[in-house]
Structure formats: structure tokens, C-alpha cells
Amino acid sequence: MEKVNISEIVKRTIPVDEYIAKIIQPFKEKFLERKQTYQLNEEAALKLREYANDVIIVAFSAEWCKDCAANIPVLALINERTGIKVHIFGGLKRDTLNPREKWRIPPSPPEVKTFNVEKIPHIMIITKKGELIGEIIENPRHKETLEEELLYLIKKSKDFISHSA
């Protein structure tokens, strides 16, 4: 994949807390409840803080999505606790009228095609140099929590380690 233009992504997305604040009821309640009740793994959060100046997290989300309601609030907590910037492409809507297209554009952002978004949340870890170093689709696959999975993917990336050394 080509390098990602971080400044363009930041322009086209909104910070995670702003995204959650704009969600309408009854969906907003689920996002806020998850954010208030989730307990971050403090050890993983502390280690993630070391990468706050090196990576940005970008996620595709929809307010109606159950996995988004579980994971996007955790990303907000990670942002608060670690300083890692988290930006959201929100408002994804399925295209029920066109069987060849997964997402209706608009209101879904055109980047759903650029990043081949099939399922959400689609969470990407991108270095400040624009290199995609990891993705989480729907839920963590290798670790128990989202924060542990993010740490695992960052540490696993040979490209990232070689650039930050």
C-alpha cells in the first residue's frame, strides 16, 4: 500500500471525542456507557504512551454498529490516557440499493474504498511518516483487549521498529 497522507486524513476525520459527542440517541448512550465503565489495562496503556509521538490511530465507524459501540469508546480512553491521536471516519451507511457496493457514498466517506473497508470498526495504526503498520477489523484477534492488541501490532511491526530506532 502507498503511504498515507496523514495531514489529509486528519482534515477528513474528526477526533474520537468529538465523534462520540456528535452521535445521536439512542446510540450515544451505548458509546458513553462503555467509555464510563471500561477499565483500561494500565500496563498496556503505559507502554502505549511511549508511542504517542510516533503513531496515529484512524478508525471507520458507524453509530448503529455494535462492535463500534464496544471499541470506539476504548479508543477514546486510549487517546486520553496515552496521548495517541485517534481520528474517526464516521457515518458509514450500508448501500442496500446496490448489491455490488457495501457502503453508500455519500454519506459514507469515499475512503471506505481506498482502505478496502469491509467490516467495522476498521482500525488502522499509521506511523507519522504515513506507513500503515497494523489493522484491527471488528475486534482484537491476538490479544484479549484492544489496548493490548494495539501494543502488540505496534511492537510487531518491523518497519516501525526500524524507523524509530
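Before we start: a helix axis here is a line fitted to C-alpha atoms over the stretch in contact, and angles run from 0 to 180 degrees between N-to-C directions. Keep in mind that this is a predicted model.

**Exercise 1. Work out how helices α5 and α7 are oriented to each other, and which residues make the contact.**

Step 1. Grab the two helices: α5 covers residues 66-82 and α7 covers residues 146-156.

Step 2. Get the geometry. The axes sit 10 Å apart and the packing angle is about 65 degrees.

Step 3. Classify it. Angles of 65 to 115 degrees count as roughly perpendicular, so α5 is roughly perpendicular to α7.

Step 4. List who touches whom. From α5 you have N71, V74, L75 and I78, and from α7 you have L146, E147 and L150.

Step 5. Sort that contact by character: 5 residues are nonpolar, 1 is polar and 1 is charged.

**Exercise 2. Place strand β4 in its sheet and find its partners.**

Step 1. Write down the strand order. The open sheet has 5 strands, running β1-β3-β2-β4-β5, with mixed pairing.

Step 2. Find the edges. β1 (14-15) and β5 each pair on one side only, which makes them the edge strands.

Step 3. Look at the β2 side. Strand β2 (residues 55-60) runs antiparallel to β4, and 6 bridges join the two. To check the register, V55 has T127 as its bridge partner, and I57 is matched with I125.

Step 4. Now the β5 side. Here 5 bridges link β4 to β5 (residues 132-137), again antiparallel. H122 stands opposite I137.

Step 5. Follow the chain from β4 to β5. These strands form a hairpin with 4 residues between them, and G130 in the turn has a positive phi of about 90 degrees.

Step 6. Add the helix. α7 lies across β2, β4 and β5, and runs at about 150 degrees to β5.

**Exercise 3. Decide whether the residues of β4 are buried or exposed, and sort them by the way they point.**

Step 1. Count along residues 122-127: 6 of the 6 are buried, so to speak a mostly covered strand.

Step 2. Split them by direction. H122, M124 and I126 point one way, while I123, I125 and T127 point the other way.

Step 3. Combine the two: both sets are buried.

**Exercise 4. Check the burial of C65 and C68, and count the disulfides.**

Step 1. Use the cut-off: buried means under 20% relative accessible area.

Step 2. C65 comes in at 7%, so C65 is buried.

Step 3. C68 is at 0%, so C68 is buried too.

Step 4. For a disulfide, two cysteine sulfur atoms must lie within 2.5 Å. The count is 0.

Technical notes
Residues numbered from 1 in each chain as written. Predicted model: local features only at pLDDT ≥ 70, side-chain atom pairs only at ≥ 80, totals over all residues. Heavy atoms only, no water. Parallel < 35°, antiparallel > 145°, perpendicular 65-115°, else oblique. Contact = heavy atoms within 4.5 Å. Nonpolar A, V, L, I, M, F, W, Y, C, P; charged D, E, K, R; others polar. Buried < 20%, exposed > 50% of the residue type's maximum accessible area, 1.4 Å probe, protein only. Pairing = 2+ DSSP bridges.
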